[in-house]
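Please look over the structure shown here, with attention to the ligand surroundings and the domains.

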Amino acid sequence: MNRCLLIVNPSSGRERAKYHKQNLKNRLETMFDYVELRETRQSGDATDWAAEACVSGFDSLFCMGGDGTLNETVNGLAHAKRPIPFGFIPLGTINDLARALHIPLHPEEAIALLPRCKPVPVDIGRANDRYFINTIAAGVLPHAVGHVSIEQKTRLGPLAYFLTGIKAFQTHAPSLFKIETENEELIYRSPLVVAMLTNSVGGFRNIAPRAKVDDGKIWLSVFKDFTYLDVLKMVPEFLSGTQLSGEYMTLMTLTRARITLLDDTPLTTNMDGDEGPSFPLDLEVLPSFLSVYIPQ
Ligand SMILES: Nc1ncnc2c1ncn2[C@@H]1O[C@H](COP(=O)(O)OP(=O)(O)OP(=O)(O)O)[C@@H](O)[C@H]1O
């Protein structure tokens with residue numbers, strides 16, 4: 001018997017799950033003999049249930065929620081010895097992984113496509129003792145983005161992050177980072193460092209457009225220190241979707257790195273849209289570690 005666990009975060013995406021969960025369960029029941037629906041009540045539920053699903057006889061796992069729910073689910077799967085294939089229905093504001101994997105951003109469309117989905121290998125990243133599937137970032141932008149309110153997200157969607165970021169650059173102070181890779185040790189003063197596994201960051205594809213979910217690489221972008229005028233100059237390039245030039249950032253690929261903050265001023269990190277681990281960061285890519293249901 002084919003068993004599937006469905007994890008739904010009822011609070012994600014302005015509480016829209018209630019409109020889609022039954023439709024999603026019905027659709028999954030056409031693909032699996034048994035579908036168990038569980039709704040999260042608090043932070044940590046999705047991680048615990050995903051880890052448990054891998055050892056209690058479930059064959060696949062689906063989740064519906066925003067990037068936070070997705071990251072929690074990935075962390076549960078990553079801690080398992082043998083992670084089961086998983087799929088997700090995006091409900092959040094940005095949904096970077098869905099964008100990178102061409103999963104429709106509208107839940108109804110994503111649900112309708114499920115019978116045409118197959119599990120394919122996808123890289124994940126480790127940052128200290130946690131895992132990410134999209135990005136880990138540090139600097140003025142992630143710091144400001146972490147303070148975007150639910151009201152702003154509801155009113156403006158992804159634009160809320162963009163406008164907050166632009167505003168943050170006006171008063172930014174760059175930080176001093178040491179980046180130790182497999183081959184070298186680099187020192188940068190930078191307002192923003194982003195490690196990516198996919199080509200979508202904050203809904204934009206300008207930083208590492210050639211990144212692929214299964215290329216076995218972390219794409220590390222270190223932004224150069226720039227003035228507010230530079231930021232204004234960058235806006236049209238950013239909105240047009242073309243890759244940001246070397247004038248604004250240094251882009252490198254690696255499989256592991258240690259990033260140390262050399263300043264005394266503390267800096268938070270943002271991992272897959274929520275607060276991430278503290279410095280120093282030990283990053284490593286785990287190539288093709290998870291199987292994710294993707295439309296074929
Ligand atoms: N029943 C619940 N009520 C409130 N919060 C919950 C509940 N279940 C889980 N959570 C927490 O909600 C957090 C936010 O969820 P998630 O990121 O999926 O939604 P979102 O904030 O709407 O999406 P996004 O960040 O992409 O805009 C999760 O990290 C999780 O810990």
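The briefing below covers one helix, the ligand shell and the domain contact.

This is a predicted model, in which local features need pLDDT of at least 70 and side-chain atom pairs count only at pLDDT 80 or more, while totals for chains, interfaces and linings use all residues. Residues are numbered from 1 along each chain as its sequence is written.

**Helix H4**
- Helix H4 (residues 67-78) has twelve residues and spans 16 Å from its first C-alpha to its last, close to the 16 Å expected at 1.5 Å a residue (1.5 Å times one less than the number of residues; helices are DSSP runs of H or I with at least four residues, strands runs of E with at least two, numbered from the N terminus).
- Twelve of the twelve residues of H4 are buried, so H4 is largely enclosed by the rest of the structure (buried means 20 or more other C-beta atoms within 10 Å of the residue's own, placed from the backbone).

**Ligand shell**
- Of the 21 residues around the ligand (C-beta atom, placed from the backbone, within 6 Å of it), Ser43, Gly66, Gly68, Gly92 and Thr93 come nearest.
- H4 supplies the largest share of this shell, four residues.
- Domain 1 (3-124 + 291-295) and domain 2 (135-286) both give residues to the shell, so the ligand lies between them (the bounds come from an automatic or database domain assignment).

**Domain contact**
- The C-alpha centres of domain 1 and domain 2 lie 26 Å apart.
- The contact takes 16 residues from domain 1 and 21 residues from domain 2 (C-beta atoms, placed from the backbone, within 7 Å).
- Helix H5 (96-101) gives the most to the side of domain 1 that touches domain 2, with five residues.

How values were computed: Two residues are in contact if their C-beta atoms, placed from the backbone, lie within 7 Å.
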